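Reader: I would like to learn how to read the features of a model like this one. Where do we begin?

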Amino acid sequence: MAEGAPVDVATVMCQWATGGLAYLWVTTRRREVGLGYGWLLRSLYLAIAGIGAVTGFVFQPNAVRDVACVAMALCAGVTLVRSTLPDRMPDATLSGLAERTEPVSSRTIAGFDPRWDIAAPLAGLVGVAAAGLGASGGISPALHLARVVVGAAFLGAVSNSMLLGHWYLVQPGLRREPLRELVRHLGAIWPIEVGLLLVPTGMISVLSGSIDDGYGGLLGWFWIACAVTTVALAAVAMAALRERQYAAVMAATGLLYLAIMTGFGTDLVARLTLAG
């Protein structure tokens with residue numbers, strides 16, 4: 001096994017919550033998705049950030065990361081409460097929304113300002129950066145920082161793609177573009193994620209045999225399977241979203257559900273293998 005940066009639950013939770021909340025804003029900024037979607041995701045990632053803070057403080061402390069997790073959870077909580085008490089939008093804004101041809105939920109145009117969703121991921125990004133710069137062992141701090149930051153975006157994109165796909169059961173009139181956007185982002189991040197994990201000291205060393213994964217190279221091949229399957233599932237999901245039938249959205253959601261498992265495998269199997 002390699003002598004790399006350790007992987008701990010607190011950092012993974014910080015990454016996941018940061019990426020998820022960042023991509024929540026990517027979706028809410030459109031003012032198309034019902035407020036309930038925001039309530040669901042803010043509650044979910046608030047809890048994940050809280051788990052990250054507690055596990056960090058108790059087991060593997062990193063003061064900046066752990067405080068940032070607390071700040072992220074608080075920001076998500078304040079935004080969650082704020083979103084339940086929306087102000088009315090200015091008449092000009094409402095008039096502009098009324099001219100749109102696609103269905104828009106009345107609960108969406110009630111006035112919640114999506115810029116509130118920016119605070120939590122910004123707080124989380126501080127924690128992700130602190131975790132990245134806290135690399136130990138033989139790995140370059142710059143490489144570890146890049147892996148942790150890109151990994152946060154990767155985990156957030158794949159998670160929110162699946163969650164938004166399920167939201168279409170609640171809001172079937174929603175346009176497909178918000179979901180397509182998340183899948184496009186997932187496809188765009190994938191080569192960066194995989195490339196950073198291959199850079200020495202990386203999975204290329206495991207695949208070449210210069211690093212022993214402890215299982216005769218099995219983890220290296222498993223990682224390849226996860227990485228290739230993730231981008232393949234994203235591509236097929238995007239193709240499904242081009243179909244006109246509503247069932248295509250549910251088919252894409254099922255594919256994205258599988259992509260969460262392979263996506264987490266892509267990120268975590270590599271980092272665990274290289275952690276040593």
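Author: We begin with a term. A salt bridge is a side-chain nitrogen of Lys or Arg within 4 Å of a carboxyl oxygen of Asp or Glu. In this structure, Arg29, Arg30, Glu32, Arg175, Glu177, Glu181 and Arg184 are linked in a network of salt bridges. The structure holds 12 salt bridges.

Reader: What kind of model is it, and how are residues numbered?

Author: This is a predicted model, in which local features need pLDDT of at least 70 and side-chain atom pairs count only at pLDDT 80 or more, while totals for chains, interfaces and linings use all residues. Residues are numbered from 1 along each chain as its sequence is written, and side-chain values use heavy atoms, with hydrogens and water left out.

Reader: Which elements does the protein have?

Author: Elements are DSSP runs numbered from the N terminus: helices are H or I with at least four residues, strands are E with at least two. The protein has 10 helices and zero strands.

Reader: Back to the network. Which parts of the chain does the pair of Glu181 and Arg29 link?

Author: Glu181 forms a salt bridge with Arg29, and their closest N and O atoms are 2.9 Å apart. The pair links distant parts of the chain, with Glu181 in helix H7 (residues 177–198) and Arg29 in the loop between H1 and H2, 152 residues apart. Another salt bridge joins Arg184 and Glu177, with 2.5 Å between the closest N and O atoms.

Reader: Are Glu181 and Arg29 buried or exposed?

Author: Buried means under 20% relative accessible area, exposed over 50%, and partly exposed in between (1.4 Å probe, protein chains only). Glu181 has a relative accessible area of 7%, so Glu181 is buried. Arg29 has 34%, so Arg29 is partly exposed. In the other pair, Arg184 is partly exposed at 40% and Glu177 is buried at 18%. Across the protein, buried residues make up 53% of the 276 residues.

Reader: Which residue meets Arg65 in a salt bridge?

Author: The side chain of Arg65 meets that of Asp8, at 3.0 Å from N to O. Arg65 lies in helix H3 and Asp8 in the segment before H1, so the pair ties together parts that are 57 residues apart in sequence. Arg65 counts as buried at 2% relative accessibility, and Asp8 counts as buried at 11%.

Reader: How do I read a packing of two helices?

Author: Axes are lines fitted to C-alpha atoms, for helices over the stretch in contact, and angles run from 0 to 180 degrees between N-to-C directions. Here the axes of helix H1 (residues 9–28) and helix H5 (residues 119–133) come within 9 Å and cross at roughly 145°. Contact means heavy atoms within 4.5 Å. Among the residues that meet are Cys14 and Leu21 in H1, and Gly124 and Val128 in H5.

Reader: What does Val126 touch?

Author: Val126 has its place in helix H5 and is partly exposed at 46% relative accessibility. Not counting residues up to four places away in sequence, Val126 touches Val64 and Ala68. Val126 and Val64 are 62 residues apart in sequence, yet their C-alpha atoms are 7.6 Å apart in space.

Reader: How far apart in sequence are contacts across the protein?

Author: Of the contacts with a separation of 6 or more, 79% are between residues 24 or more positions apart.
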